[in-house]
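Work through the exercises below with the sequence and the 3D structure at hand. Each task is followed by a solution in steps.

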Amino acid sequence: QVLLTFKIRSSFLYRCIMTAALGSLLLGYDIGIISGAIIPIRDQLGLSHTQIEIMTSSLLFTSVIGSIIAGAVADMIGRRKG
């Protein structure tokens, strides 16, 4: 068994936690905004219910894609080990 132990400063850990919490808060805010804008968007563009569902769910899919890309970029240009 390989036991990995890391010494993480608590200030760095709290900054990471706050950044993740802020990201989740902003995602929830975006979902709330899009749900309030559905009716005017539907009226303006004449969308069906299926098209509205696709539009709303695309917000979640794009956030997943964005987080994958951000993780890859952070791995490439982030801090180097050693």
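**Exercise 1.** State how much surface the protein chain exposes and which atoms supply it.

Solution. The protein chain exposes about 7400 Å², and 68% of this comes from carbon and sulfur atoms. Accessible areas come from the Shrake-Rupley method with a 1.4 Å probe; for residues, only the protein chains shown count as cover. This is a predicted model: local features need pLDDT of at least 70, side-chain atom pairs count only at pLDDT 80 or more, and totals for chains, interfaces and linings use all residues. Residues are numbered from 1 along each chain as its sequence is written, and side-chain values use heavy atoms, with hydrogens and water left out.

**Exercise 2.** Find the share of buried residues in the protein chain.

Solution. Buried means under 20% relative accessible area, exposed over 50%, and partly exposed in between (1.4 Å probe, protein chains only). Of the 82 residues in the protein chain, 4% are buried.

**Exercise 3.** Place Met 76 in the chain and classify its exposure.

Solution. Helices are DSSP runs (H or I, at least four residues), as are strands (E, at least two), numbered from the N terminus. The protein chain has 2 helices and 0 strands. Met 76 lies in helix H2, residues 49–77. Its relative accessible area is 54%, so Met 76 is exposed.

**Exercise 4.** Locate the salt bridge and classify its two partners.

Solution. A salt bridge is a side-chain nitrogen of Lys or Arg within 4 Å of a carboxyl oxygen of Asp or Glu. The whole structure holds 1 salt bridge. The side chains of Arg 42 and Asp 43 form a salt bridge at 3.8 Å, N to O. Arg 42 is partly exposed at 29% relative accessibility, while Asp 43 is exposed at 55%.
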